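Dear colleague,

I am handing over the structure below, and I would be grateful if you could look through it before reading my notes. What I found follows underneath, starting with the chain as a whole and then turning to its parts.

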Amino acid sequence: MRTDRRGFLGLITCVGVAAVLPWRPAHALDASGAHALIDRSLEEVYQVINSGQPTAQMYQQFEAIFARYADVDVIARSALGPAARQADAAEFAAYRQAFQGYVGRKYGARFREFIGSRIEVTGARPLKSFFAVTSVAHLNGRAPMEVEWHVSNRSGQDLYFNIIIEGVNMLASERAEIGAMLARERGSLPALTAALQQAG
């Protein structure tokens, strides 16, 4: 069951890192706005899943959806950990771009598991300085899964920055995986970036 949760965590990460929403002034995020963000992103993911396009094109679209709806900078920095503070701007920008593509390929590869499934958004509530959007995933042949999305507008846009699926935390999972890859590259961020470009 844990493998199922991790796989699901992977693909829905692509719901909400290439295209970005137009900049707009910061505004007060509310429950309805957070709810609508997740609704829109899920709708786009399922359009791609059911489109019948070639796999390579689907991966590109999953990456673009992730870019539109996720706070990629926060997620990429969290995954990299302390090394993000030590990286210069150019190194981090290259890593961030590679991380974005890696997510699109790695998690997009699981799309077949979601054909015929659905995710129902059930509510949203304030939690600390952000909103938690709750949902239930109904996957073929599996028990329903509770999914919680954390949405903030600290970047000036409504974006999600974490997903928790029955206790599996996206930020923690990516931090462990990227940390292990960085260790294999002996702490070299350029080497990690090159590895991410080839992975997934």
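**What was found**

Of the 200 residues in the chain, 49% are buried. Please keep in mind while reading that this is a predicted model. The accessible surface of the chain amounts to about 9400 Å², and carbon and sulfur atoms account for 52% of that surface.

The chain holds 8 helices and 5 strands, and if you follow the sequence from its start you will meet these elements in the pattern α-α-α-α-α-α-β-β-β-β-β-α-α.

The sheet is a good place to begin. It is an open sheet of 5 strands in the order β1-β2-β3-β4-β5, and the pairing is antiparallel. Its edge strands are β1 and β5 (168–169), each of which pairs on one side only. As a general point, strands of a sheet pair through backbone hydrogen bonds, in either a parallel or an antiparallel manner.

Looking at the pairs in turn, strand β1 (residues 118–127) runs antiparallel to strand β2 (residues 130–138), and 9 bridges join them. Within this pair, glycine 123 has threonine 134 of β2 standing opposite. The two strands form a hairpin with 2 residues between them, and in that turn lysine 128 has a positive phi of about 60°. On to the next pair: β2 is joined by 7 bridges to strand β3 (residues 145–152), again in an antiparallel arrangement, and here valine 133 stands opposite tryptophan 149 in β3.

A helix accompanies this sheet, since helix α2 (residues 31–49) lies across β1, β2, β3 and β4 (159–165). The direction of α2 is at about 155° to β1.

The other helix packing that I would point out is between helix α4 (residues 72–80) and helix α7 (residues 170–184), whose axes come within 7 Å and cross at roughly 50°. Because an angle from 35 up to 65 degrees falls outside the parallel and perpendicular ranges, α4 counts as oblique to α7. The crossing in which α4 passes α7 is right-handed.

Which residues of α4 and α7 meet? On the α4 side they are Ile75, Ser78, Ala79 and Leu80, and on the α7 side they are Met170, Leu171, Glu174, Arg175, Ile178, Gly179 and Leu182.

With kind regards

Key. Residues numbered from 1 in each chain as written. Predicted model: local features only at pLDDT ≥ 70, side-chain atom pairs only at ≥ 80, totals over all residues. Heavy atoms only, no water. Pairing = 2+ DSSP bridges. Helix = DSSP H or I, 4+ residues; strand = E, 2+ residues; numbered from the N terminus. Contact = heavy atoms within 4.5 Å. Axes fitted to C-alpha atoms, helices over the stretch in contact; angles between N-to-C directions. Buried < 20%, exposed > 50% of the residue type's maximum accessible area, 1.4 Å probe, protein only. Areas by Shrake-Rupley, 256 points an atom, 1.4 Å probe, with all protein chains shown as cover. Parallel < 35°, antiparallel > 145°, perpendicular 65-115°, else oblique. Left-handed = near helix turned anticlockwise from the far one by under 90°.
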